[in-house]
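Please open the model in your viewer and keep the sequence panel beside it, since each stop of this tour begins with a selection.

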Amino acid sequence: MGPAEEDLRTELRAWIADHDPGPPPAEYGERIEALTRWQAALCEAGFMGLSWPVHCGGRGMSLAAEAVLAEELARSGAAELINRLALYTWGPTLMDLGEPSQLERFLPGMLDASELWCQGFSEPDAGSDLAGVRTRAEVDGDEVVVTGQKVWTSRAELSTWNALLVRTDGEPGQHAGLTLLITNMKSDGITIRPLPQMLGEPHFSEVFFDEVRVPVANVLGGINEGWRVSMKAMGYERGIFVLERSIRLRRRLSELAGRVRASGGADRAALAGIGRIHASLEMLTAQAYRTLAHQQAGTLLPGATSVDKLYLAEVYQDLFSTAAEILGPEVTLADDGWTHDLLESRSVSIYSGTSEIQKNIIVGRLLGIR
Amino acid sequence: MSELAAAFHQALGELLPFPESLDRAREERSLPARVRAEITGMGWNGLAAPEEAGGLGLRVGEVIDLCSVAGEHLLPVALLDESLLLAPALAEAGHSGLQGVVAGEVAGGAGYVTEGSGELDAGGMLAVSGVGVRLSPGAGLAALCHPRWTAVISLEDPGVRLDRADALDRAQGVHTLSAAGVRPHVMLDGWAEGGAVAAGWLAGLLADLVGGAERIMTLSVSHARSRQQFGRPLTRFQAVTHLLADMKARLELMRSAVARLAFLMDEGSWDPAFLAGLLWSVPAYAREVCESAIQVHGGIGFTWEYGLHLYYRRILSLQSMLGGALDTAAQAGRAYMDAG
C-alpha cells in the first residue's frame with residue numbers, strides 16, 4: 001500500500017466511524033434495502049469506483065485502494081456492497097469493451113446502487129458448461145428478441161439490469177455464436193420465479209424470457225462476441241471478490257475467538273482449529289493480494305484466479321464446520337448466525353464455477369494439460 | 001528469477017546432481033568438502049549477513065528466491081542454517097566469529113527448540129534436552145531457535161553433548177544436542193517476540209519448501225503427460241488431473257504467502273501471528289503436495305531410485321522440527337488469540 005492508499009484508509013476509517021449503519025436487519029427484504037442505502041451513502045461520500053477512471057465517475061486510484069475499501073468496510077457493521085457484481089465485474093468489463101454511450105448510460109447506476117445488476121449465464125442445460133447456452137436471440141431491426149430460460153439468477157427480482165448471455169448463432173455446445181445483452185429486467189415478457197434456497201431465502205430465481213425485446217445498442221462487445229466478453233468478466237469476478245469474502249471470514253474468526261475467550265479459553269484442539277483457520281485466511285489474503293497486484297500490472301495469467309476461488313470455498317467451509325465443532329452442541333440450538341453460515345458455506349464450492357470446474361481450469365490453463 | 005538466483009540455480013544444478021544426492025542419502029555421507037567450498041565460495045554463507053562483514057546483505061525478498069533454489073536442488077539444510085541463522089545472529093551481536101562463518105571456514109548448524117524442550121534460566125544459562133540439530137562437518141557453533149529466544153552456543157562447551165542421530169532426513173548431519181549449564185555466546189529475541197533474525201531464517205526454510213514443492217510439481221506433471229495407461233496418458237484421467245490441480249493450488253498459495261511474509265519483513269511490518277500461521281500451513285501444504293506427487297507417480301514414485309522420498313524426508317523433517325502439524329496449528333491459534 002502506498003501513501004495514497006494509506007490516506008484513503010484514514011479518510012474511510014473516519015467516515016465509517018461517523019456513518020456506520022450497524023449490522024443489517026436479518027429479514028431479507030429489509031436487509032437488501034439497508035444495504036442499498038449504505039452503498040448510496042458510500043457513493044455520495046466518494047468511496048465507490050475508487051479504481052475506476054475519473055471520466056467514468058471513479059477516483060482513478062489503484063486496485064489497492066479497493067482492497068483498502070474492502071478492509072475498512074469489514075470493520076464496519078455492513079461489510080457488503082449490494083451492487084458488488086456491477087462494481088467489480090460488469091463495470092470493469094464495460095469499461096474495457098463498452099461503447100462510450102454505454103458507459104454513460106450504465107456506470108452511474110452501478111456506483112450509487114440505484115440500478116442493481118444480476119447475471120444471466122446459467123441455464124437448466126448450461127451450468128458449469130457455458131457453451132451449452134440455448135436461450136435464443138434474433139436481431140430484428142434495431143432490437144434483439146430473446147426467448148428462453150435462465151436459472152440460479154441471484155437477486156433477479158431486485159435488479160434493473162441483467163448481463164444476459166444468449167445464443168445469436170450456432171448450436172448449444174459451441175463457444176461461437178454467443179452474445180452478451182444488457183437486458184432491462186423490467187421489460188415485457190420477463191417472468192421471475194424465485195427458488196427459495198436451503199437457507200429459506202429467495203436469493204436466486206428462475207427467469208423466463210418470452211420474446212423480450214432488447215435494443216441492439218445494449219449489446220456488449222459485439223454480436224457473437226459473448227464468449228470473449230464472458231471470459232473477460234470472469235477474470236474480474238474473482239479478484240476483489242475473494243479479498244472481500246476473506247475479510248468477512250476474518251471477522252467471523254475473530255467473533256469465534258471472542259466466544260471462545262468468553263467461555264473460559266480454548267483447549268488444544270480448539271486452538272489448533274483456530275490456528276488452522278487463521279493461517280488459511282492469511283494464505284487466502286496473500287493470494288488475493290497477489291492476484292490484485294497482477295491485475296493492476298496486467299500480468300494476471302488466464303485461469304490464475306481459479307486458485308483463489310477454489311481455496312476460498314475450502315477455507316469458507318472449513319471455518320464454519322470448525323466453528324461448529326468448537327462451539328459445541330449448543331450451536332444448533334440457537335439461531336445466531338453460525339448455523340446460517342455453516343449451511344451457506346456449502347454454496348461457495350458451487351457458485352460462480354464449482355470447485356471441480358476450478359480444478360479443470362487450473363489443469364488446462366495453469367498446467368497446460370489439454 | 002533474479003540474476004543471482006539464476007546463477008545459483010545453474011551452479012547448484014551442476015554441483016548437486018540428483019544421483020549423488022541419492023547416493024549420499026543411501027550412504028549417509030555429508031556433502032564433499034570440495035562442493036561445500038564451491039558453494040560457500042559463491043557467497044552462500046553471507047547471503048543475509050551485512051556487507052561490511054563480507055556478506056551480501058540481501059533483503060528477505062531476495063533471500064527467499066535463493067532458498068527456493070536450494071530446496072529445489074536439495075542443498076543440505078545446514079547451509080541454510082549457517083547462512084540465514086548463524087551468520088546473521090553473529091552479525092547482530094557483533095560477534096567475532098562472523099567472518100569465519102561467512103567465509104565458510106567455521107562450520108556450524110542449527111536446530112529448533114520447541115516450547116518445553118529447552119529453557120534459559122534466570123541467569124542466562126541454557127538447558128536443552130535431545131534437540132535435533134543439523135550440522136555441517138566439523139561444526140564448531142550451533143544456533144538454537146526457540147519461539148522466545150535465539151541463541152548461539154559453542155559445541156566445544158563442556159556442558160554440550162552431541163549424539164549422531166539415525167534421522168529420517170539422511171545425509172543432513174543430524175545430531176541430537178543436549179546442553180546443561182551452557183552460557184550462549186549470543187542471545188537474541190525469538191521470532192514470537194519479533195526477533196527478525198530468527199524470523200528471516202524461518203522464512204528461508206519455508207521458501208526452501210516452496211522450491212521443493214515446485215520441483216515435485218514439475219516432475220508430477222511431466223510424469224502424468226508421458227505415462228500411458230489403458231492406451232491414453234494419465235492426463236486424460238480426471239482423478240489424476242484433479243490431484244495435480246490441488247497440488248498446483250497448494251503450491252501457488254505457499255508461494256504467495258511466503259512472498260508476502262518476505263515483503264512484510266522487508267517493510268519492517270511483519271507480525272509474529274502471521275509467521276506462526278505459516279509455520280503450520282506451508283509445511284502442511286508442502287507435505288500434501290509431496291504425498292499427492294507420490295500418488296500420481298504410482299509405483300515408480302515409491303522407488304528409492306526415483307527419489308521423491310528425498311523431498312518427502314526433508315518436508316517431514318522440517319515439519320516435525322517445528323513441532324509437527326498439530327503443535328504448530330495450536331501455536332498459531334494461541335498467537336492469534338493473544339494478538340486479540
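In which hand of crossing does H8(B) pass H9(B)? The model is a predicted one, and the tour starts in chain B, where you should select helix H8, residues 238–267, together with helix H9, residues 272–297. Looking at the pair, you will find that H8(B) passes H9(B) in a left-handed crossing. Two packed helices are described by the angle between their axes and the distance between the axes. Here the axes of H8 and H9 of chain B come within 9 Å and cross at roughly 155 degrees, which makes H8(B) roughly antiparallel to H9(B), since the angle is over 145 degrees. If you then show the side chains where H8(B) meets H9(B), the residues of the contact divide into 20 nonpolar, three polar and three charged.

Next, keep H9(B) alone in the selection and follow it from end to end. Its 26 residues should span 38 Å at 1.5 Å a residue, and the C-alpha atoms at the ends of H9(B) are 37 Å apart, which agrees. Stop on the way at Leu278(B), where H9(B) bends by about 25 degrees. Colouring H9(B) by burial gives 21 buried residues of the 26, so the helix is largely enclosed by the rest of the structure. Just past the helix, select Gly298(B), which follows H9(B) and has a positive phi, near 65 degrees.

With H9(B) still shown, add helix H11 of chain B, residues 324–339. H9(B) and H11(B) pack at an angle of about 160 degrees, with their axes 8 Å apart, and they are therefore roughly antiparallel to each other. The crossing of H9(B) with H11(B) is left-handed.

For a related view in the other chain, select helix H8 (268–297) and helix H9 (305–327) of chain A. H8(A) and H9(A) pack at an angle of about 160 degrees, with 10 Å between their axes, and are therefore roughly antiparallel; H8(A) passes H9(A) in a left-handed crossing. In the loop between these two helices, select Leu301(A). Is Leu301(A) buried or exposed? With 9 C-beta neighbours inside 10 Å, Leu301(A) counts as exposed. A distance drawn from the C-alpha atom of Leu301(A) to that of Thr291(A), ten residues apart along the chain, comes to 9.3 Å.

The tour now turns to backbone angles. Most residues other than glycine have a negative phi, and most peptide bonds are trans. Select Ser352(A), which lies in the loop between helix H10 (338–348) and helix H11 (355–366) of chain A, and which has a positive phi of about 40 degrees although it is not a glycine. Ser352(A) is buried, with 21 other C-beta atoms within 10 Å. Then move to Glu28(B), in the loop between helix H2 (18–27) and helix H3 (33–41) of chain B, where phi is again positive, about 50 degrees, in a residue that is not a glycine. Glu28(B) is partly exposed, with 14 other C-beta atoms within 10 Å.

For the last stop, select Glu51(B), in the loop between H3 and helix H4 (60–72) of chain B. Glu51(B) is exposed, with 10 other C-beta atoms within 10 Å. Add Ala142(B), which is 91 residues apart from Glu51(B) along the chain, and you will find their C-alpha atoms separated by 22 Å.

Conventions:
Residues are numbered from 1 along each chain as its sequence is written. Chains are lettered from A and ligands numbered from 1 in the order in which they are written. This is a predicted model: local features need pLDDT of at least 70, side-chain atom pairs count only at pLDDT 80 or more; totals for chains, interfaces and linings use all residues. Axes are lines fitted to C-alpha atoms, for helices over the stretch in contact, and angles run from 0 to 180 degrees between N-to-C directions. Helices (H or I, at least four residues) and strands (E, at least two) are DSSP runs, numbered from the N terminus. Angles under 35 degrees count as roughly parallel, over 145 as roughly antiparallel, 65 to 115 as roughly perpendicular and the rest as oblique. A crossing is left-handed if the near helix is turned anticlockwise from the far one by less than a right angle, and right-handed if clockwise. Ala, Val, Leu, Ile, Met, Phe, Trp, Tyr, Cys and Pro count as nonpolar, Asp, Glu, Lys and Arg as charged, and the others, Gly among them, as polar. The expected span of a helix is 1.5 Å times one less than its number of residues. The bend at a residue is the angle between axes fitted to the seven residues ending there and the seven starting there. A residue is buried if 20 or more other C-beta atoms lie within 10 Å of its own, exposed if 12 or fewer, and partly exposed in between; C-beta atoms are placed from the backbone.
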